[in-house]
Amino acid sequence: MKYNNHCECMDENCRTVIVGPDTRLDGISCPRCGGPVFVKPLQDNKKKVSDRALYVRKEILWKNKKHCFDLTPEQIETVLSIGDEYNKKHSYVNDLKCTINIDSKELARLVSEHIKREEKRSVRFNG
Ligand SMILES: [Zn+2]
């Protein structure tokens, strides 16, 4: 889903950001404090925010994760990109481990054992 606007709570101590499709932003109040909000076009933001970051922001509000309410979509974007970095490094390490640990002869032995077992079982069922 594409979001073109977001709302921000007018309360100085709250400043909750609400994202959603244009049509659903009319007449909404702050989900955190119930106060009035103003609409801001997302294009005004200095940094481009991905749909993924906006989704996370929406889920934070929807799931009522109060300790994350202060995170702006831009901050979430940064956190997500750091998470991506971690995943990239982590999956590389896992790939490396697999390459080293797989012994092809052992694997072939296990597969042929499994096939023999399956054959025995199908004989038992059919006979
Ligand atoms: Zn508020």
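This is a short talk on the zinc site, the core, the salt bridges and one surface patch of a predicted model.

Okay, let's start with the overall layout. The protein has three helices and three strands, and from the N terminus on they run β-β-β-α-α-α. Of its 127 residues, 25% count as buried.

Now, the zinc. Which residues hold the zinc ion? You can see four cysteines around the ion: C9, C14, C30 and C33, each through its SG atom, at 2.3 Å. Along the chain these donors follow the spacing C-x4-C-x15-C-x2-C. C9 sits in strand β1, residues 5-9, and C33 is in the loop between β2 (17-20) and β3 (37-41), so this pair ties together parts that are 24 residues apart in sequence. As for geometry, the angles among the four donor atoms go from 103 to 116 degrees, and the site is tetrahedral. For reference, the ideal angle for four tetrahedral donors is 109.5 degrees.

Are C9 and C33 buried or exposed? C9 is buried, because its relative accessibility is 0%. C33 has a relative accessible area of 40%, so that one is partly exposed.

That brings me to the core, since C9 turns up there again. The largest nonpolar core has 17 residues, and the ones with the most contacts inside it are C9, I18, C30, V37, A53, I60 and I76. So two of the zinc ligands, C9 and C30, are on that list too. Which elements give two or more residues to this core? Those are β1, β2, α1 (51-62) and α2 (73-101). Helix α1 gives the most, with four residues. As a general point, nonpolar side chains tend to be buried together in soluble globular proteins.

On to charges. The count comes to six salt bridges, and I'll walk through some of them.

If you look at R52 and D84, their side chains meet in a salt bridge, 2.8 Å from N to O. This pair links distant parts of the chain, with R52 in helix α1 and D84 in helix α2, 32 residues apart. R52 is partly exposed, because its relative accessible area is 39%, and D84 is partly exposed as well, at 33%.

Then there's R15 with E8, where the closest N and O atoms are 3.2 Å apart. Which partner is buried, and which is partly exposed? E8 has a relative accessibility of 11%, so E8 counts as buried, while R15 comes in at 35% and counts as partly exposed.

E59 pairs with K63, and here the closest N and O atoms are 2.9 Å apart. E59 is another buried acid, because its relative accessibility is 15%. And further down the chain, E106, R109 and E113 are linked in a network of salt bridges.

Last thing, the surface. Which residues make the nonpolar patch? L107, V111 and I115 do, and the patch covers about 260 Å². I115 lies in helix α3, residues 104-126. With a relative accessible area of 43%, I115 is partly exposed. The cut-off for joining a patch is over 30% relative accessible area with no salt bridge, so I115 clears the accessibility part of it at 43%.

To wrap up, then: a tetrahedral zinc site, a 17-residue nonpolar core, six salt bridges and a nonpolar patch made by L107, V111 and I115. That's what I have, thanks.

Methods: Residues are numbered from 1 along each chain as its sequence is written. This is a predicted model: local features need pLDDT of at least 70, side-chain atom pairs count only at pLDDT 80 or more; totals for chains, interfaces and linings use all residues. Side-chain values use heavy atoms; hydrogens and water are left out. Patches are made of residues with over 30% relative accessible area and no salt bridge: like charges are joined within 9 Å, nonpolar side chains (Val, Leu, Ile, Met, Phe, Trp, Tyr) within 5 Å. Accessible areas come from the Shrake-Rupley method with a 1.4 Å probe; for residues, only the protein chains shown count as cover. A salt bridge is a side-chain nitrogen of Lys or Arg within 4 Å of a carboxyl oxygen of Asp or Glu. Buried means under 20% relative accessible area, exposed over 50%, partly exposed in between (1.4 Å probe, protein chains only). Donors are N, O and S atoms within 2.8 Å of the metal (3.2 Å for Na, K and Ca); water is not among the atoms, so sites may look incomplete. Four donors count as tetrahedral if all angles lie between 85 and 135 degrees; four count as square planar and six as octahedral if opposite donors are over 155 degrees apart and all others between 65 and 115; anything else is irregular. A nonpolar core is a set of buried Ala, Val, Leu, Ile, Met, Phe, Trp, Tyr and Cys residues joined through side-chain atoms within 4.5 Å.
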